[in-house]
Amino acid sequence: MGRDIHSYTADSFYIHLGKLFYAVAAADKVVREQEVKTLKEIVEKQWLKYDEFEDEFGTDAAYQIEIFFDWLDENDPEPGEAYSDFEDYYKEHQRLFTPKVKQMVWKTADAIAASYAGKNKSELILLSKLKSLLKH
């Protein structure tokens, strides 16, 4: 019994969100415990409860954000590459990024950046790029 196209779409969508949120947390070269905690709280409170996505993708898929974020944190890739991967995915799949999803993406990234000692220069630069991307 194979997986249908929606489960692949959901996994890919949430994996790329994991890449984005990792890039924000690792922008200053260190992923802090508070940044991980903030991400997990937002996944629980927002991403798992977002009705439109639940209908299309199923609630369990949102946990892919955390799972892939943790995997990236353990494997320590270049944050810029993780962001570029998200940016490419965003441009190729804009239909998935409704105004509500864009708002959730922004709020999550912003909260991660602010969760440890405020936003530093690296995080601000990345957030600026993200804000510009989400306008399209």
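How many salt bridges does a search of the whole structure find? The search finds five. Three of them are described below, after the fold, the core and one helix. The model is predicted.

## Overall fold

The protein has seven helices and zero strands. Along the sequence the pattern reads α-α-α-α-α-α-α.

Of the 136 residues in the protein, 45% are buried. Contacts reach far along the chain. Among those between residues at least 6 apart in sequence, 82% join residues at least 24 apart. The protein exposes about 7,400 Å². Carbon and sulfur atoms supply 49% of that area.

## The nonpolar core

The largest nonpolar core holds 43 residues. Phe13, Tyr14, Leu17, Phe21, Trp47, Phe97 and Val105 have the most contacts inside this core. Six helices each supply at least two core residues: H1 (5–25), H2 (33–45), H4 (63–75), H5 (79–92), H6 (99–114) and H7 (121–134). H1 gives the largest share, with ten residues.

Val105 shows how these parts meet. Leaving aside residues up to four places away in sequence, Val105 touches Leu17, Leu20, Phe21, Trp47, Phe97, Leu130 and Leu134. Of these partners, Leu17, Phe21, Trp47 and Phe97 are also listed among the residues with the most contacts inside the core.

## Helix H5

H5 has 14 residues. At 1.5 Å a residue, the helix should span 20 Å. Its end C-alpha atoms are 20 Å apart, so the expected and modelled spans agree.

Which residues of H5 are buried? They are Pro79, Ala82, Tyr83, Phe86, Tyr89 and Tyr90. Seen down the helix axis, these residues fall within an arc of 125 degrees, so they line one face of H5. The face turned away from the buried side carries Glu81, Lys91 and Glu92, which are exposed.

## Salt bridges

Side chains of opposite charge can pair when their charged atoms come close. One such pair is Lys19 and Asp85, whose side chains meet in a salt bridge at 3.1 Å, N to O. Lys19 lies in helix H1 and Asp85 in helix H5, so the pair ties together parts that are 66 residues apart in sequence. Are the two partners buried or exposed? Lys19 has a relative accessible area of 14%, which makes this lysine buried. Asp85 is partly exposed, at 35%.

A second salt bridge joins the side chains of Arg32 and Asp28, at 3.8 Å, N to O. Arg32 counts as partly exposed, with 24% relative accessibility. Asp28 has a relative accessible area of 19% and is buried, because the cut-off for buried is under 20%. A further salt bridge links the side chains of Asp110 and Lys119, at 2.6 Å, N to O. Asp110 counts as partly exposed at 22% relative accessibility. Lys119 counts as partly exposed at 36%.

## Summary

This predicted model has seven helices and zero strands. A nonpolar core of 43 residues takes its largest share from H1. H5 turns one face of buried residues inward of its exposed side, with the buried set falling within an arc of 125 degrees. The Lys19 and Asp85 salt bridge ties H1 to H5.

Terms used: Residues are numbered from 1 along each chain as its sequence is written. This is a predicted model: local features need pLDDT of at least 70, side-chain atom pairs count only at pLDDT 80 or more; totals for chains, interfaces and linings use all residues. Side-chain values use heavy atoms; hydrogens and water are left out. A nonpolar core is a set of buried Ala, Val, Leu, Ile, Met, Phe, Trp, Tyr and Cys residues joined through side-chain atoms within 4.5 Å. Buried means under 20% relative accessible area, exposed over 50%, partly exposed in between (1.4 Å probe, protein chains only). Helices (H or I, at least four residues) and strands (E, at least two) are DSSP runs, numbered from the N terminus. Contact means heavy atoms within 4.5 Å. The expected span of a helix is 1.5 Å times one less than its number of residues. The arc is that of the directions from the helix axis to the C-beta atoms. Accessible areas come from the Shrake-Rupley method with a 1.4 Å probe; for residues, only the protein chains shown count as cover. A salt bridge is a side-chain nitrogen of Lys or Arg within 4 Å of a carboxyl oxygen of Asp or Glu.
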